[in-house]
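Work through these exercises with the model open beside you. Try each task before reading its solution.

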Amino acid sequence: MAVAVVLLSGAPFHGGCCRHKVFLSLLGPLLSNSKLYSSYRRPGAEPKKKLSWQNADFSFKKSIDHLKTQLSLLTKETQDYLQGPGGHPLSQHVLEQTRVLWQFRSQEDLNKWVISSDVEIGGKSKVYIKLGRNNQAALLYGTLNTEVPRDGETKYSGYCSMRSRPAVGSFNRKKYYDWSNFNSLYLRVRGDGRPWMVNIYTDPYFSHQKDDLYSYFMFTRGGPYWEEIKIPFSKFFFSSRGRVQDNQHPVWLDKASFLTLGLTIGDKVDGPFQLEIDFIGLLNDRAHREEFAYETYDKN
Amino acid sequence: FTASLLLGTTMTISSNHWVMAWAGLEINTLAILPMISKSHHPRAIEAATKYFLTQATASALLLFSSMINAWQTGQWDITQLTNPTSCLILTSAIAMKLGLVPFHFWFPEVLQGTSLTTGLLLSTLMKFPPITLLYMTSPSLNPTVLTFMAILSTALGGWMGLNQTQIRKILAFSSISHLGWMTIIISYNPKLTLLNFYLYALMTTATFLTLHSTKASKLSTLMTTWTKAPALNAALLLTLLSLAGLPPLTGFLPKWLIIQELTKQDMA
């Protein structure tokens, strides 16, 4: 009888406790720092250890210097705006057929790129980047190791990549470029015969499309001669979270905001790799008439 | 979807009750969304999402303003909007619907994400119901707020369209600019607003259809259309000059009449 009374008196307490647990489990994702929909972090992204407000620096002198830098950037942007689209006259925008986006001549050019490998997921590949001979090219080199990390979750490993940093304007605003005049990517490289994957990430506005990527392959020769590889944008196929999608569509280049280019090696072969890159640019190949290389499905 | 668009437009322009007008606007919004996202490209989906969010917010504000007016005055008649708070909220709702400054940021992005024919519908047919509501409530609205928004729209529409290379964005900014002209005169002579709108719709339709037939969506493509269709290119030149408001062409007429009316009101 006493036990029953204790149990009965404890029932609302337990019920409240259960309700409290259910409430917490529902609100758990909101209360924690991790993303609501996935904990997947893209290669090249640094692991977030500190919250953004914890990184705030309240030094007055630094903030004044930062403000001066941003105002000078804003002044330059205004002057470029007065000149024409992209800081160039309109005639140049309409008539240009080639444009060099990245070339590797100094450490500053190297700082515009971020290298990463499967070390983020516990792998053992190594990747380094440095300036080549006579500061005429960038040398991306390292060792690929396909040994799978023993964490019980990962099934595959062995990738290294190099991604360009997104361009930001004054006050950390996104910079928009119009690459619609061009239809091909032009790379002057000297590889070691290993195949690479070229990825284009167009930073979408909404978070549902943050995992979208446009990719194509770059096959290098191992010879001592430089290669000039042209990859038409019509060849890039669409994938999301690493899975090639059934609904394919061409990459739109009219709003190249945060459009970052990446080179990834992941050909499942252990061993060293090397890639020298002279420059990466855009080309308007008039002979290339293809709009899109893959079949698009009409819905409705 | 086209039939739904026509239904929604007809419902709004022929209604006397705020709820009917709101229902017509909602039908319009819902009907145009599949047309914007028809190509299923991520940019088209982005444009559709942006359009839905802004238009839904504007519709909610519109309903809110009519409810405040109904609570204060006891009636739902569109032409009897007398409560000042309602008028202010309605002004912001209509500005959001139309794409007037400072609620214009969605318009160029949405137009850029859609095809030219859907862009035509967004620039002409979808503007008609909100302009009708503005026309019906114009005696009650605050002229200062309308003038402020109109001047900003005209100025920003012109300046922001300067360095654009995509034609749809240029036409979006042109639309914002023309809406500024329509809005500035609505408190003094609403019929000039309607005249401006009809002529703008005619010129924009001609422009969009010409660009659609020549498949020109950027400036560099437009530079070479004269080789493919010289007569059409010449007609497009005249239509664009008319949109700009050059004197001997039709587009100058509404601007002239608006400036004349503003001069009479000691504003020009």
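**Exercise 1.** Which side chains of chain A and chain B meet in a salt bridge? Note that this is a predicted model.

*Solution.*
- Start with the count: one salt bridge links chain A and chain B.
- Then find the partners. They are A:Asp254 and B:Arg43, at 3.0 Å from N to O.
- Check the cut-off. A salt bridge needs a side-chain nitrogen of Lys or Arg within 4 Å of a carboxyl oxygen of Asp or Glu.
- Now add polar contacts. Between chain A and chain B there are 13 residue pairs of this kind, both residues at pLDDT 80 or more.
- Last, locate the elements of chain A. Helix 2 (60-83), helix 3 (90-95) and strand 8 (212-219) of chain A each give two or more residues to the side that touches chain B.

**Exercise 2.** Describe the interface between the two chains by contacts and by area.

*Solution.*
- Count residues: 23 of chain A are in contact with 22 of chain B.
- Turn to area. The accessible area lost when parts come together is often used to give the size of an interface.
- Here chain A and chain B bury about 1,900 Å² between them. Carbon and sulfur atoms hold 57% of it.
- Pick out the main contributors in chain A. A:Tyr81, A:Phe206 and A:Trp252 lose the most area to chain B, together 30% of what that side buries.

**Exercise 3.** Is helix 9 of chain B largely enclosed or largely open?

*Solution.*
- Find helix 9 of chain B at residues 167-184.
- Compare its span with expectation. Its 18 residues reach 26 Å from first C-alpha to last, close to the 26 Å expected at 1.5 Å a residue.
- Apply the cut-off: buried means under 20% relative accessible area.
- Of the 18 residues of helix 9 of chain B, 17 are buried, so the helix is largely enclosed by the rest of the structure.

**Exercise 4.** Set two UniProt "transmembrane region" spans of chain B against the model.

*Solution.*
- Read the record. The unreviewed UniProt entry places this feature at several spans of chain B, including 144-163 and 194-211.
- Take residues 144-163 of chain B: 85% helix, 0% strand, end C-alpha atoms 30 Å apart.
- Take residues 194-211 of chain B: 100% helix, 0% strand, end C-alpha atoms 25 Å apart.

**Exercise 5.** Place B:Trp22 in its surroundings.

*Solution.*
- B:Trp22 sits in helix 2 (residues 18-36) of chain B.
- Its relative accessibility is 25%, so B:Trp22 counts as partly exposed.
- Beyond neighbours within four places in sequence, B:Trp22 is in contact with B:Ser59, B:Leu62 and B:Leu63.
- B:Pro129 is 107 residues from B:Trp22 in sequence, yet 9.9 Å away in space, C-alpha to C-alpha.

Notes
Residues numbered from 1 in each chain as written. Chains lettered and ligands numbered in written order. Predicted model: local features only at pLDDT ≥ 70, side-chain atom pairs only at ≥ 80, totals over all residues. Heavy atoms only, no water. Helix = DSSP H or I, 4+ residues; strand = E, 2+ residues; numbered from the N terminus. Expected span 1.5 Å × (residues − 1). Buried < 20%, exposed > 50% of the residue type's maximum accessible area, 1.4 Å probe, protein only. UniProt positions renumbered as here; feature names shortened; annotations may be inferred. Contact = heavy atoms within 4.5 Å. Buried area = accessible area lost by both parts, 1.4 Å probe. Polar contact = N/O pair within 3.5 Å; in protein donor to acceptor, adjacent residues only side chain to side chain.
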